[in-house]
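Hi,

Here is the structure I promised to pass on. Have a look at it first, and my notes follow underneath.

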Amino acid sequence: MQRPGKGKTPRRHGPKKASNTEKDPVGVYCRIRPLGGEDEECCVEMISSSTIQLHAPDGLKANRNGEYKETQYSFKKVFGINTTQMELFEDVARPLVEDLIHCKNGLLFTYGVTGSGKTFTMTGSPGEGGLLPRSLDMLFNSIGPFQAKRFVFKPDDKNGMEIQGQVDALLERQKRDSQPLVPKTPSSRQKTDPEFADMISSEEACKSDSVDEDCCYSVFVSYIEVYNNYIYDLLEDAPFDPIRPKWLGGGTPVRNNEFIPPQSKILREDQNHNMYVAGCTEVEVKSTEEAFEVFWKGQKKRRIANTQLNRESSRSHSVFTVKLAQAPLDADGDHILQDKNQVNVSQLCLVDLAGSERTSRTRAEGSRLREAGNINQSLMTLRTCMEVLRENQMCGTNRMVPYRDSKVTHLFKNYFDGEGKVRMIVCVNPKADDYDETMLVMRFAEMTQEVEVARPVDRPICGLAAGRRHRNQAFKDELSRRLEDRGGPSNAVDDPALLNMIIESLPAVPPCELVDPADDQTLQRLIEVLERRHRMRQMMTEQVNKTANTLSSKLQQLDGQLNAKETILHEQRSKMGEKEKVITNQRTEIERLEKKSKTLEYKIDILQKTTEMYEQDKRSLQQELETREQRLHRELSEKRRMEQRMQGMVTDTKHKWEKECERRVNAKQLEMQNKLWVKDEKLKQLKAIVTESSSSSCPTEHSDKPDRPSRERDRILAQKRSASPSPLPGNVFKTRGGGQAVQFTDIETLKQQCPSALSRKRRSGSGEGPAQIEDIENRAPVSSTPGYQKRRKP
């Protein structure tokens with residue numbers, strides 16, 4: 001019994017990678033689904049095969065210039081509403097299947113808002129198979145004739161692969177065949193399950209032409225889901241109770257036909273620092289139909305629910321993993337080489353991410369609300385990881401990428417660290433209701449395209465000569481043909497002509513009849529003939545062996561020459577491969593430069609639009625500035641006119657007040673002269689009284705009185721006032737308080753009698769002549785300015 005060998009996935013040769021590793025950007029594609037109705041408003045427009053443009057829907061708030069903002073986003077390729085599933089597969093998934101056959105890992109996931117067509121893109125529908133069934137069909141069409149028997153490859157529990165001998169594999173197959181068949185789990189959706197024969201037509205079948213025929217292959221599939229940040233195995237067997245509802249994702253029966261929730265799985269890291277789901281079920285499949293049947297078995301257990309935006313909304317992230325194990329044949333090309341270092345394991349992960357959604361639109365409650373929160377949180381973690389990766393690559397920083405914040409990012413962190421190609425399909429629903437969510441998805445896709453992933457290394461080349469399987473098969477075919485032609489293994493017995501020639505070349509057998517029992521000569525002659533025939537047979541055998549050895553040596557020489565030619569051919573192919581890599585790198589660089597050129601052109605257009613906008617603002621501001629300058633000039637001219645007018649008014653007022661002051665001074669002088677005259681009169685009268693009292697003679701009037709000033713002007717004014725019908729010397733008008741006010745326009749003359757004359761009149765009551773007391777006129781000037789007013793009550 002051969003000792004089984006154990007193979008490890010040769011993905012990483014050490015914990016650290018060389019700094020000069022070539023990198024490729026993440027391939028991001030965009031697919032636009034058709035609108036649900038003709039009357040729905042569309043906000044996405046496909047401009048070219050690599051660019052789309054988003055239009056703001058009606059009713060959305062405009063920007064500061066009053067215009068709606070239109071944004072453009074570029075992708076590696078954009079697939080419109082008329083794109084078929086086959087065209088999408090040829091551009092996106094087929095290169096990943098080619099890499100899977102050549103021992104390189106791949107990750108393909110769909111991303112978008114809920115109801116954007118992610119599950120349809122990945123799974124498809126009857127007659128329109130998605131990326132997953134087409135990938136399985138291409139894989140089995142390519143490796144179908146070179147598959148190993150079942151249980152020759154056996155997965156271990158540590159993300160590795162073991163090789164079993166023929167006897168152990170046979171015992172495993174017999175053990176499996178002897179087990180009773182497990183009844184299939186009934187389901188209410190069984191009637192609507194699409195058959196694989198209707199998924200992909202025979203005209204659309206494809207295969208890879210670069211399969212290594214000197215290897216044996218085995219395919220293993222697994223199917224998990226990440227629900228509320230917990231990992232569940234969708235292929236885990238669990239009994240089903242048709243009466244009581246089941247737990248989605250399987251379960252374990254307990255008392256009273258009840259089910260307990262399925263146990264979640266944990267993530268672990270193998271010895272090559274690759275992440276894997278511990279205890280996950282891996283099923284070996286040998287055909288496309290069998291693989292799709294296993295997928296559909298897990299698909300029935302996946303969690304879906306009805307929401308306001310999607311009738312069958314995925315409530316978890318699903319991961320379907322296709323693992324391909326391959327090992328080279330031995331030197332004879334008949335059996336698998338029992339060398340664990342020559343076993344290669346590659347895998348392709350097809351991920352259907354749940355759609356991001358807003359609870360304000362889905363109106364989710366209870367468990368649906370919790371599911372939506374966990375979905376959005378995991379997608380936010382994915383977005384954060386992409387941002388940190390881009391920052392580390394562009395700025396040269398060494399920030400820690402938060403892979404462990406979510407099970408999805410933690411599971412696929414090896415891919416972003418350089419363990420395979422990463423491609424993303426952004427699914428877009430062009431209806432206007434999803435404009436805000438679509439804008440966020442476009443920004444994430446634009447950022448993801450700037451993340452670069454290290455290019456996976458090629459697998460080590462086996463040292464055995466190529467074409468071993470072909471030569472072994474040719475030998476078996478030739479042997480079978482000869483056996484069929486001759487009916488047996490012996491050429492002498494098979495070919496009658498050759499048998500007759502050999503018989504004729506041998507000595508003739510003498511007669512063998514014995515007449516006499518004492519006849520010894522007959523037997524002696526027979527013995528001699530048989531001995532000669534035996535010697536001839538030995539000589540012929542030796543000659544045949546010699547010829548066979550000569551032929552074998554010639555075959556070995558030819559085999560050596562063939563190996564040398566194959567080595568030269570391999571060297572030429574390696575050189576050609578290097579040149580193809582150079583050409584591919586140059587094409588990639590050209591595509592990158594073209595993309596950069598388009599990005600710069602787009603930025604130039606934006607800058608031109610911004611410049612035009614600023615020019616318009618500048619012109620409007622200049623016009624406003626000119627208008628304000630004209631207004632300022634008018635105000636300055638008006639101010640100068642007002643100053644001139646005020647200066648004229650001040651000059652007039654000054655002259656008026658000078659005249660008024662001169663008049664008041666003259667009036668005051670006249671008043672003082674009157675007062676001085678009155679005092680003089682008083683003194684004279686006092687002197688006259690004193691003189692009268694001292695003399696005994698009759699008082700005599702003095703004729704030397706001083707002349708009083710002329711009072712003719714005052715009498716004329718008094719006559720004018722007495723002749724005026726108005727009792728007041730001025731204008732009378734009503735006040736706000738209800739009274740009347742007088743604005744004087746003339747000078748009022750006040751009169752009073754002299755107190756000394758009155759006293760003399762009192763004293764001279766006995767018959768003496770009254771003193772001649774004249775009225776004293778006191779002129780009080782009154783202001784004629786409008787500000788001086790005399791008020792009186794009505």
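I'll start with a loop residue: N229 counts as partly exposed, at 29% relative accessibility. You'll find N229 in the loop between β13 (215-227) and β14 (230-233). Its backbone caught my eye, as the phi of N229 is near 65 degrees, a positive value in a residue other than glycine. Do keep in mind that this is a predicted model.

There's another residue to put beside that one. C103 has a phi near 65 degrees, again positive and again not a glycine. C103 sits in the loop between α1 (85-101) and β8 (106-112). So is C103 buried or exposed? With a relative accessible area of 14%, C103 is buried, because the cut-off for that label is under 20%. N229, at 29%, falls in the partly exposed range, which runs from there up to 50%.

Now for a sheet. Three strands make up an open sheet, ordered β4-β5-β6, with antiparallel pairing. Which strands are at the edges? Those are β4 (44-48) and β6 (71-74), each of which pairs on one side only. From one strand to the next, the twist averages 30 degrees.

If you want to zoom in on the pairing, try β5 (residues 51-54) against β6: the two run antiparallel and are joined over four bridges. A handy place to centre the view is T51, which stands opposite S74 in β6. As background, strands of a sheet pair through backbone hydrogen bonds, either parallel or antiparallel.

Cheers

Technical notes:
Residues are numbered from 1 along each chain as its sequence is written. This is a predicted model: local features need pLDDT of at least 70, side-chain atom pairs count only at pLDDT 80 or more; totals for chains, interfaces and linings use all residues. Side-chain values use heavy atoms; hydrogens and water are left out. Two strands pair if DSSP finds at least two bridges between them. Axes are lines fitted to C-alpha atoms, for helices over the stretch in contact, and angles run from 0 to 180 degrees between N-to-C directions. Buried means under 20% relative accessible area, exposed over 50%, partly exposed in between (1.4 Å probe, protein chains only).
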